[in-house]
Amino acid sequence: MALSPNAPSTLSRVGVYGVTVATDLDLIPNLPPRADTPDLHVVAASEPIEFADQDLFYSSPTRDPDSVPAIRLYRVEDRFVARFVDAATFSIGSERIEYLLHDDTYAYALELWLLGTVLAFWLEWRGVPALHASAVALGDGAVGFLASKQGGKTTLAMSLLQQGHPLLTDDLLPLGVEGDAIRGQPGYPQMRMWPAHARHFVENPDALRRAHPYTDKRRVPIGTDGLGTFCDDVRPLQALYLPERTDKTSIQIQPVAPTEALKAALRHSFLPRLVEAASWQARRLNVLSQLVEQIPVWQLTYPEGIEHLPRVADAILDAEA
């Protein structure tokens, strides 16, 4: 199993995505401990989670009409219920999330669903949209790399990590609005990389734990007993980069017009279909519009090949100096 429940009387208090969570789960990323009052409890359900005959407002598309959707979302009074295939169910309330595992063969996926779809959905409910991005702390601020899967955001963040800049988050970047400022909220001290990429940063990537049993992607711990350092503080965003690899040797950093920047932010937002189904897209659009008006968005064009990353990192640092 990827994780296991603690005794009910020994809930761990940890920080993730800028909130304090009290949970009975032992999470592999070793989330930073917290002593303050929890914003959210994540615990095993003590009884079945009811959702039958409730408002099904989202069901992920399937190729086979007889197959089970990867996720179904229901509205149930003052909460939501997320059903992942027929393996696990999460009851999502404003201050409490309960989970119920129906198939032990999916135990490894509880953590992936919680730290991905479930908490991202909960944040959106609270008015905190998330981008599909990695981010690194620079000085008193942070820069983010906005891209889809295999778009280069993790390796770019790792190249800055190697130069002594702490990781803020990998893959999911929540955007907290404080007055006129938009801040990046920290994720957790771990990155996930393919062995072909990880071997450029760690000595023995094959010895790293797999992200889950059915992938060769590896978990790369950050901070204590891992690589570099982790930034556990909310940081004001000072720039976003849109990476694009080319077969040219030059590195170019060019400004993106606000209209195009907004399109890119919408395109690379987290859970776009679920947010639309929940009718939260207008609120997300307001935050992203504010984001591209306040901070520069840059098109980063750089040569294909991981051996070029140190030079790319230098170019980014020069641009942010």
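Is W125 buried, partly exposed or exposed? I looked this up before anything else, and W125 counts as partly exposed, at 23% relative accessibility. I note here that the model is predicted.

**Entry 1: aromatic rings**

I searched the whole structure for aromatic pairs and got 13. I then picked out one of them, F80 with W125, which is edge-to-face. The ring centres are 4.9 Å apart and the planes stand at 90 degrees to each other. I checked where the two rings sit: F80 is in strand β6, and W125 is in helix α1, residues 107-125. They are 45 residues apart, so I wrote the pair down as a link between distant parts of the chain. F80 has 8% relative accessibility and counts as buried, whereas W125 is partly exposed. I also found a cluster joined by ring pairs, made up of F84, F90, Y106, Y108, W113 and Y214.

**Entry 2: a loop residue beside W125**

I moved on to S94, which touches W125 and also D39, W122 and R126, leaving out residues up to four places away in sequence. S94 lies in the loop between β7 (88-92) and β8 (96-101). Its relative accessible area is 43%, which makes S94 partly exposed. I took one C-alpha separation as well: S94 and G139 are 45 residues apart along the chain, and 34 Å lies between their C-alpha atoms.

**Entry 3: salt bridges**

My search of the whole structure gave 12 salt bridges. In one of them R34 pairs with D232, with 2.7 Å between the closest N and O atoms. R34 is in the loop between β2 (19-23) and β3 (40-44), and D232 is in the loop between β15 (218-221) and β16 (235-246), so this pair ties together parts 198 residues apart in sequence. R34 is partly exposed at 25%, and D232 is partly exposed at 24%.

I set a local case beside it. E260 and K263 form a salt bridge with closest N and O atoms 3.5 Å apart. Both lie in helix α4 (residues 258-267), three residues apart, or about one turn of the helix. E260 is partly exposed at 43%, and K263 is partly exposed at 44%.

I listed D216 and R210 too, whose side chains meet in a salt bridge at 3.0 Å, N to O. I also noted a network of salt bridges that links R72, R83 and D86.

**Entry 4: a buried charge**

Which side chain of opposite charge is nearest to D170? I found R192, 6.2 Å away. D170 is buried and has no salt bridge; the cut-off for one is 4 Å between a side-chain nitrogen and a carboxyl oxygen, so 6.2 Å is outside it. The side chain of D170 does reach the backbone nitrogen of R192, at 3.4 Å. D170 sits in the loop between β11 (167-169) and β12 (172-178). Among the residues D170 touches are A133, T154 and M191.

**Entry 5: positive phi**

D171 is in the loop between β11 and β12 as well. I read its phi as near 85 degrees, a positive value in a residue other than glycine. D171 counts as partly exposed, at 21%. E77 is not a glycine either, and has a positive phi of about 55 degrees. I placed E77 in the loop between β5 (71-76) and β6 (79-84), where E77 counts as exposed at 79%.

**Entry 6: helix α6**

I ended with α6, residues 281-294, which has 14 residues. It reaches 20 Å from its first C-alpha to its last, close to the 20 Å expected. Its buried residues include R284, V287 and L291.

Key. Residues are numbered from 1 along each chain as its sequence is written. This is a predicted model: local features need pLDDT of at least 70, side-chain atom pairs count only at pLDDT 80 or more; totals for chains, interfaces and linings use all residues. Side-chain values use heavy atoms; hydrogens and water are left out. Helices (H or I, at least four residues) and strands (E, at least two) are DSSP runs, numbered from the N terminus. The expected span of a helix is 1.5 Å times one less than its number of residues. Buried means under 20% relative accessible area, exposed over 50%, partly exposed in between (1.4 Å probe, protein chains only). Lys and Arg count as positive and Asp and Glu as negative; His and the chain ends are not counted. A polar contact is a pair of N or O atoms within 3.5 Å; within protein, one must be able to donate a hydrogen and the other to accept it, and residues adjacent in sequence count only if both atoms are side-chain atoms. Contact means heavy atoms within 4.5 Å. Rings of Phe, Tyr and Trp (its six-membered ring) pair if their centres lie within 6.5 Å; planes under 30 degrees apart count as stacked, over 60 as edge-to-face and the rest as tilted.
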